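Here are a few short exercises to work through with the model open. Try each task before you read its solution.

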Amino acid sequence: MALALAIETSCDDTAAAVVDAQLHVHSSVIESSIDQHRAFGGVVPELAGRAHLTTIGPVVRRALVEAGLDPHAPAIDVVAVTSGPGLIGSLLIGLSAAKAYALAWDLPFVGVNHLEGHLFAPLLERPDLQWPIVTLLVSGGHSMIVLQHGPGEHEVLGETIDDAAGEAYDKVARWLGLAYPGGPEIDRLAAGGTPGTLKLPVSMTGEDFDFSFSGLKTAVVRATEKHPEVALADVAASFQAAVSEQLLRKLRRTLVAYPDVRAVALAGGVAANSALRRGVERVAQEFAVAALLPSLSMCTDNAAMIAAAGWYRFAHGGPSDLALSARPSWALAEIS
Ligand code: KG4
Ligand code: ZN
């Protein structure tokens, strides 16, 4: 059985996984440095880099041991690693580690695009899925709607023209005095609130597939200043509904424009959002297509998804050169 060791260090999570070529996950280990960033209200690149440096060795070792492998001489066939996009200092640590393991164990290694990794996450749990798939890729750094004709064949239909959805969650949470990261906090609060209590605009109602969340954030600030009496839970529920509504409108528009689509998928950290998950299920039912909602641990950053994308890139483009450099701004659309 062919096994890949994958490493992911693009942001604050140090992750390693062992995944076979049939995409069965043998182990997936994640260590987050989020507790160190909380006080600063966002990920501090220097702190994230330093945390990766101390964590990467133990995390890889745990992934190998949990997969039943000898951590000193593992029976691995390829090393996959996120080489972009992400924080340069963080990426370099994962990339250097992957190169070192590949050299030490005489293995091929392959650089993977982090966003393509997110697109592969649903495949790890639903090998039976049917194409084409339309994916809402929504995280702290990105928001896009992607048409996937098959594994690794993607077309970015639209993306945010300003803030990412997760970034909007984090900024609104900060305004409301909630802890970082704000997405889970708002999601939790929203469960006890009534959407629509605070009147908020649904941005980007045009015919394209792009998003915008910056105006919505400003609208929350204005509305809460004007109506301080509105309960926090109601503010959270209203904001959450407005974000989901915008994303779901564009998802519906895509399904109308591309009627051969067989499934809709969610990917990225915001895919953990309960309102969005319910909404995507509703839209899938309306259009009689499958809903692919990865488990929460597969939505947020992990190395199993990097292994899945790595297997595809390795099979279709061969190994990367050991001189491969990190690409902090590597766009998904640049992958052919
Ligand atoms: O994909 P991810 O783990 O990291 C990258 O940005 O690549 O996404 C993190 C983002 C954060 O902005 C966080 O607030 C958001 O995902 N998030 C959520 C939820 N859980 C995480 N947003 C809304 N609802 C959630 N339940
Ligand atoms: Zn991510």
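Buried means under 20% relative accessible area, exposed over 50%, and partly exposed in between, with a 1.4 Å probe and protein chains only. This is a predicted model: local features need pLDDT of at least 70, side-chain atom pairs count only at pLDDT 80 or more, and totals for chains, interfaces and linings use all residues. Residues are numbered from 1 along each chain as its sequence is written.

**Exercise 1.** Work out what percentage of the protein chain counts as buried, and how its contacts are spread in sequence.

*Solution.* Start with burial: 55% of the 336 residues make the cut. Next, take contacts (heavy atoms within 4.5 Å) between residues at least 6 apart in sequence; 73% of them join residues at least 24 apart.

**Exercise 2.** Find the largest pocket's volume and describe its lining.

*Solution.* First, the term: on a 1 Å grid over the protein atoms alone, a pocket is an open set of points where a 1.4 Å probe fits, with protein on both sides within 12 Å along at least five of seven lines; lining residues have an atom within 4 Å of a point. The volume, the space filled by probe spheres set on the points, comes to about 1200 Å³.

Then list the lining: 40 residues, with Asp12, Ser139, Gly140, Asp170 and Tyr180 nearest the centre. By class, that's 15 nonpolar, 17 polar (Gly counts here) and eight charged residues.

Finally, look at where the lining comes from: domain 1 (3–118 + 301–334) and domain 2 (129–297) each give at least three residues, the bounds being from an automatic or database domain assignment.

Conventions: Chains lettered and ligands numbered in written order. Heavy atoms only, no water.
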